[in-house]
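Dear colleague,

I am handing over the structure we spoke about, and below it you will find my notes on what turned up. Please read them with the coordinates open beside you.

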Amino acid sequence: MADTRTPSHYHAVIGGVQLGLMGLVLVHLLPALGRRIGTGRGVRLQFHLYGWGQLVHALGFFLAGAAGVPRKTTGVDQGLDTLWKKVSMGVVGMGTGLAVLGGVIFVWMALARLLKRGEEDHA
């Protein structure tokens, strides 16, 4: 299969693994380093943005592949000659944006907790 359905599978699997690793950092690594874990809306938001973003991204790739968009191509070489192909690649981009935003929030929150001094809890 030389269309974007194959990278759709890769991105879905990588997204699931990444969500698991994000959870490990927040639930196990930060407390092991004496840092508090977050419990607010930002914590839930990062998981939702990243997880749903990756799902939308992978779904867009699958729909684009079903429409015949070839993999490992960009721009004009993708043959976006139909509205369906253009819309499905737009869905890829929308999912990418959501996932990147969730990833940035995760990195920002994790680094903020790691670099904060005097927050160590030994309860």
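The helix axes used here are lines fitted to C-alpha atoms over the stretch in contact, with angles running from 0 to 180 degrees between N-to-C directions. Please bear in mind that this is a predicted model.

With that convention, the axes of H1 and H2 come within 7 Å and cross at roughly 170°; because angles over 145 degrees count as roughly antiparallel, H1 is placed roughly antiparallel to H2. On the H1 side the contact includes Arg5, His11, Leu19, Met22 and Leu26, which belong to a set that meets residues of H2, among them Val43, Phe47, Tyr50, Phe61 and Ala66. The residues of this contact divide into 13 nonpolar, ten polar and one charged.

As for H2 itself, its 26 residues should span 38 Å at 1.5 Å a residue, and its end C-alpha atoms are 37 Å apart, which agrees. Just after H2, Gly68 takes a positive phi of about 100°.

Turning to the interior, the largest nonpolar core has eleven residues, including Met22, Leu30, Val43, Tyr50, Ile105 and Met109. Helix H1 (5-32), helix H2 (41-66) and helix H3 (83-115) each supply at least two residues of this core, with the largest share, five residues, coming from H3. Leu26, another member of the core, touches Pro31, Ile37, Val43, Gln46, Phe47 and Phe106, leaving aside residues up to four places away in sequence. A second, separate core of five residues includes Phe61, Ala64, Met89 and Val92.

With best wishes

How values were computed: Residues are numbered from 1 along each chain as its sequence is written. This is a predicted model: local features need pLDDT of at least 70, side-chain atom pairs count only at pLDDT 80 or more; totals for chains, interfaces and linings use all residues. Side-chain values use heavy atoms; hydrogens and water are left out. A nonpolar core is a set of buried Ala, Val, Leu, Ile, Met, Phe, Trp, Tyr and Cys residues joined through side-chain atoms within 4.5 Å. Buried means under 20% relative accessible area, exposed over 50%, partly exposed in between (1.4 Å probe, protein chains only). Helices (H or I, at least four residues) and strands (E, at least two) are DSSP runs, numbered from the N terminus. Contact means heavy atoms within 4.5 Å. Angles under 35 degrees count as roughly parallel, over 145 as roughly antiparallel, 65 to 115 as roughly perpendicular and the rest as oblique. Ala, Val, Leu, Ile, Met, Phe, Trp, Tyr, Cys and Pro count as nonpolar, Asp, Glu, Lys and Arg as charged, and the others, Gly among them, as polar. The expected span of a helix is 1.5 Å times one less than its number of residues.
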